[in-house]
Amino acid sequence: MHANNTTTDAVEIMHRLFVKGDPEEIALLEKERVKLEIAQHIYDLRTSGGQTQEEFGELVGVSPQIIEDLEEWDYQGDSFAMLAHIEKALWRHVSALSFPINGVYPNVLLGTTITGFKLTLFRYHPDRKGTTCIPAPFANFGVEQKIDRQHILNELAPWQEALRLNRQELQMFALAGMNKWCHLNGGLRVNFSGDPEASIRAVDTHAQLIDAAAHYLHTGQWTALKQWRQNIGACEETRYLAQLEAALQSQTFAHFPDAEWVTRTLIRFAKVEYQGENYG
């Protein structure tokens, strides 16, 4: 399967040129977009395990031609049904790592680390120094040096794109009516189960809080954090923090330093007591 950037751009260009708000055309284009996401997902599952189309087809119980058609965005059957079949087969036949995950919020952060742009997104982001090379963020609000704020922003930046891509994948599973799905990268595989819609809401919660943290680091203002607290509500905020803290205590992210770093960062930021609207 070729890189899909050109194809994705073509879909967007078609939308701008020909759809122009027509509900039926929008629905058809959305269907094609989801088929493209399924194609990329199946390709990633196969190649991450280093398997040929023949080997992968034998593993999941379908013909190599079906795998080829799916990956080439040319499958004429029900792509959702075939996606569900492949995921279920992988659950049965491929061993996966098991992590003591307690709650949907840490589950989503772990899944985002493994999928999205994969670990390379975090490892090679421009100007990134790495989570072990920057100060503990938000330890003393209002006194971070400018250079420290930029380092933290560089660490947060990849998460927004990874969360966005993870959300796309979860939407695909939700549309297929699935309650089990796979995350796999470079041979590292983790199985997840639950309600994809709940995970989508968790993705949005993380993304909005990261936005609020970036807004504070850029401006020194708490406006976005206040809005996040208002949106999530006191009860859900308590559950959010409890789940993330439990994941840290159980060392859920022991092998994923990027996920551990962002978890500690979000906890500290969410717990802040406002100390004025601007940097001191």
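**Exercise 1. Sort two aromatic pairs.**
A search of the whole structure finds six aromatic pairs. The structure is a predicted model, where local features need pLDDT of at least 70, side-chain atom pairs count only at pLDDT 80 or more, and totals for chains, interfaces and linings use all residues. Residues are numbered from 1 along each chain as its sequence is written, and side-chain values use heavy atoms, with hydrogens and water left out.

Task: Which kind of pair do Phe 173 and Trp 181 form? Which kind do Tyr 216 and Phe 269 form?

Solution.
- Step 1. Recall the rule: rings of Phe, Tyr and Trp (its six-membered ring) pair if their centres lie within 6.5 Å; planes under 30 degrees apart count as stacked, over 60 as edge-to-face and the rest as tilted.
- Step 2. Take Phe 173 and Trp 181. Their ring centres are 5.7 Å apart and their planes lie at 20 degrees, so this pair is stacked.
- Step 3. Check burial, which means under 20% relative accessible area, with exposed over 50% and partly exposed in between (1.4 Å probe, protein chains only). Phe 173 and Trp 181 are both buried.
- Step 4. Take Tyr 216 and Phe 269. The centres are 6.2 Å apart with 45 degrees between the planes, and the pair is tilted.
- Step 5. Place this pair in the chain. Tyr 216 belongs to helix α9 (residues 196-219) and Phe 269 to helix α12 (residues 257-270), 53 residues apart. Helices are DSSP runs (H or I, at least four residues), numbered from the N terminus.
- Step 6. Tyr 216 has a relative accessible area of 1%, so Tyr 216 is buried. Phe 269 has 0% and therefore counts as buried.

**Exercise 2. Describe the packing of α10 and α11.**
Task: At what angle do the axes of α10 and α11 cross, and which residues meet?

Solution.
- Step 1. The axes of α10 (residues 223-232) and α11 (residues 234-249) come within 6 Å and cross at roughly 105 degrees. Axes are lines fitted to C-alpha atoms over the stretch in contact, and angles run from 0 to 180 degrees between N-to-C directions.
- Step 2. The two helices are therefore roughly perpendicular (65 to 115 degrees).
- Step 3. Trp 228, Arg 229 and Ile 232 of α10 meet Ala 234, Glu 236, Glu 237 and Tyr 240 of α11. Contact means heavy atoms within 4.5 Å.
- Step 4. Trp 228 and Tyr 240 also join Tyr 105 in one aromatic cluster.

Note on methods:
Parallel < 35°, antiparallel > 145°, perpendicular 65-115°, else oblique.
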